[in-house]
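Here's a walk through one protein model, with the pocket up front and the core at the end. Have the structure open while you read.

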Amino acid sequence: MKNIVLIGFMGAGKTTVGEVLSQKLGRIFVDCDTLIEKRIGQTIAEIFAQKGEDFFRKLERECIEEICQREDQVIACGGGAVLDPQNVERLKRSGLIFLLSLPLSGLEERLTLDQDRPLLQEKERGKRIKELWEEREKKYLTAADQVVEVKNMSAEEIADLIIRNYRKLVKEVEP
Ligand code: S3P
């Protein structure tokens, strides 16, 4: 079975929804960031601080390449995975991509107190989020097979919606 791939901006709920989805479907859940952290033995924040973003992106690319060789998984990607066209191509080939989409105001609200995400540890956080969002919006939309508007929905509801849509899309692709 094709993988179910979750993409979206930081704070959109990819990890939470991915866990619920994997439980509901009895599939393995792979969180790309968690896999990187386990492999390297450092948190994402430590990797950014000590080795830089380029190094992190290289690990992310290797991790996605490896994950995409397996099927029947639920995969949560880091928010920046779509920046690399090769990642998008591999993810697309391995499964169906769902974009968890939340309006900018909702993202800002969820991310105001965040202390872990290295790209957001700046004074003018709202401005930074907006900049990154504008830079990435088109890439998210282009990569997605389906956009899921998650505002005011619980992880449970989002997972159910994705399962319904996944089944429809798979039938369309493989009648
Ligand atoms: C990033 C998002 C993070 C993590 C890293 C970079 C990004 O993942 O991969 O901090 O560039 O948007 P989440 O989207 O799970 O926070």
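How do the residues lining the largest pocket divide into nonpolar, polar and charged? They come out as 10 nonpolar, nine polar and 11 charged. Keep in mind that this is a predicted model.

**The pocket**

The largest pocket holds about 530 Å³ of space. Its lining is made up of 30 residues, and M10, D33, G78, G79 and R117 are the ones nearest the centre. If you want to find the walls by helix, look at α1, α2 (32-40), α3 (44-51) and α4 (53-67), each of which gives at least two residues to the lining.

**The annotated site**

An unreviewed UniProt entry carries the annotation "binding site" for G11, A12, G13, K14, T15, T16 and R117. The lining of the largest pocket includes G11, A12, G13, K14, T15, T16 and R117 from that set. R117 is also among the lining residues nearest the pocket centre.

Here are three of the annotated positions, with where they sit and how much of each can be reached:

| Residue | Location | Relative accessibility | Class |
|---|---|---|---|
| G13 | loop between β1 (3-7) and α1 (14-25) | 18% | buried |
| T15 | helix α1 | 36% | partly exposed |
| T16 | helix α1 | 46% | partly exposed |

Why does G13 count as buried? Its relative accessibility is 18%, and the cut-off for buried is under 20%. T15, at 36%, counts as partly exposed because that class runs between the 20% and 50% limits.

The contacts add some detail. Setting aside residues up to four places away in sequence, G13 touches L100 and R110. T15, with its neighbours within four places left out, is in contact with F29, D31 and A76.

**The core**

Now for the greasy part. The largest nonpolar core has 55 residues, and I7, F9, L21, F98 and I162 touch the most other members. Helix α8 (residues 155-173) gives this core its largest share, seven residues.

What does F98 touch, not counting residues up to four places away in sequence? The list is I4, V5, L6, I7, Q146, V148, I162, N165, Y166 and L169. Two of those names, I7 and I162, also appear with F98 among the core residues that touch the most other members.

Key:
Residues numbered from 1 in each chain as written. Predicted model: local features only at pLDDT ≥ 70, side-chain atom pairs only at ≥ 80, totals over all residues. Heavy atoms only, no water. UniProt positions renumbered as here; feature names shortened; annotations may be inferred. 1 Å grid on protein atoms, 1.4 Å probe; cavity = no way out; pocket = protein on both sides within 12 Å on 5 of 7 lines; lining within 4 Å. Helix = DSSP H or I, 4+ residues; strand = E, 2+ residues; numbered from the N terminus. Buried < 20%, exposed > 50% of the residue type's maximum accessible area, 1.4 Å probe, protein only. Contact = heavy atoms within 4.5 Å. Core = buried A, V, L, I, M, F, W, Y, C linked by side-chain atoms within 4.5 Å. Points joined across faces, edges and corners; volume = space filled by probe spheres on them. Nonpolar A, V, L, I, M, F, W, Y, C, P; charged D, E, K, R; others polar.
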